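Me: I'm new to reading protein structures, and I'd like to look closely at one part. Could you walk me through it slowly?

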Amino acid sequence: MTTTPDPRHLQVDLGERSYTILIGPGQLGTRTPLADWLPGRQALVVTNDTIAPLYLQPVLDALSGLQVEAITLPDGEAHKTVASCERVWTRLLELRFDRSCTVIALGGGVIGDLAGFAAAAYQRGVAFVQIPTTLLAQVDSSVGGKTGVNHPLGKNMIGAFHQPRGVIADTDVLASLPAREMSAGVAEVIKYGLIRDADFFAWLEDNIDALLAREPEALAYAIERSCANKADVVAADEREQGVRATLNLGHTFGHAIETATGYSTWLHGEAVGAGMAMAAHLAEAMDWLSATDRARVEALIQRAGLPLAPPRSMTSEQFLQLMAVDKKAQGGHIRLVLQQGIGHAVVTDAVPDDRLRATLNHYTD
Ligand code: NAD
Ligand code: MG
């Protein structure tokens, strides 16, 4: 008989909304604590048509004896819509699920955000559990309580804060994740090292290959440390009034890249990789980051399989235009998150326009 090793437990401290993240291999099919997190006997698993054939059955089995149903949506960011939420709500109503029911997200960040919002709004809010299946979802979108869907006029524009009852991050499920998606998740992992955890950054320099090879120990450590960092930031600033914005390192440049490329060719994490390299260039120009440390940042981003620069076709003007409409821009200044050394970042609007332009010119024609 094989036994499942004990998972790592990480507590996210948010007062009465506190919850546990379980991290480790072999967690998907285990009944405890999943069943204990459900306030009632009814649960709806929300997943997509890529993940369902791989991982739905073990989750259903884990809850056998309860009234557990599933809804399988089409895969893709294009389906992160109010229309998909409506399908979830319709299913919940057809099933006559009451306010004690639970919505369980089984999938990447798209499913997590969508199912979380569906749970936040159904009968003014029902219980929610996350079973994230991408690295990005395990280290980022499943922590912090932001849920939502896209609107034709803007990404993530319709949503709510809704914390889960618990999160199960099974490292085994990452075995089937495409390499590009893996690297995209690692971008956010590197980000935590850069903004607030120099020791973790050094650990990543030593263990990036093990991580990309999906060695269970390396994965569990990196996921735990990433979630701990995000949880600390979120606990300090649940509603993003201050320090939570440092989580956007590389994202203002990255969003410009994603927008310019029509959210089609670049994955979010790839854009964040290039964005963090651009932010490091600017930080060095500000004398906030040494040339040696910038080289370390670039080396790690590259070894993670991520791009170090935006598409050559982009222009400085395009960047300035797209960055100015980014929701982080306030009061006329472009607000940026920049490194001050490795392991520390600040939110600043003190970057002179010509410094920013010089960095943009370095990366564009
Ligand atoms: P995703 O959910 O689209 O998943 C990426 C792809 O991998 C999909 O095709 C998916 O079906 C597939 N997949 C998922 N798990 C798999 C597995 N184990 N094996 C094989 N294939 C698998 O993308 P994502 O990167 O996980 O999440 C991106 C979304 O997360 C975006 O919508 C973004 O806005 C959101 N997000 C939210 C937050 C937050 O705080 N709520 C933070 C970051 C990102
Ligand atoms: Mg991100």
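How many of the six residues of strand β7 (residues 146–151) are buried?

Reply: Happy to help! This is a predicted model, in which local features need pLDDT of at least 70 and side-chain atom pairs count only at pLDDT 80 or more, while totals for chains, interfaces and linings use all residues. Residues are numbered from 1 along each chain as its sequence is written, with chains lettered from A and ligands numbered from 1 in the order in which they are written.

Five of the six residues of β7 are buried, so the strand is mostly covered. Buried means that 20 or more other C-beta atoms, placed from the backbone, lie within 10 Å of a residue's own; 12 or fewer makes it exposed, and in between it is partly exposed. A strand here is a DSSP run of E with at least two residues, and a helix is a run of H or I with at least four, each numbered from the N terminus.

Now for the partner of β7. A hairpin takes the chain through two residues into β8, and β8 covers residues 154–161. The two strands run antiparallel, joined by five bridges; two strands pair if DSSP finds at least two bridges between them. Within this pair, Thr147 stands opposite Ala160 of β8. As background, side chains in a regular strand alternate between the two faces of the sheet.

For a helix to set beside β7, try α10 (residues 268–285). Mostly covered too, α10 has 17 of its 18 residues buried. Just after α10, Asp287 takes a positive phi of about 65 degrees.

Methods
Expected span 1.5 Å × (residues − 1).
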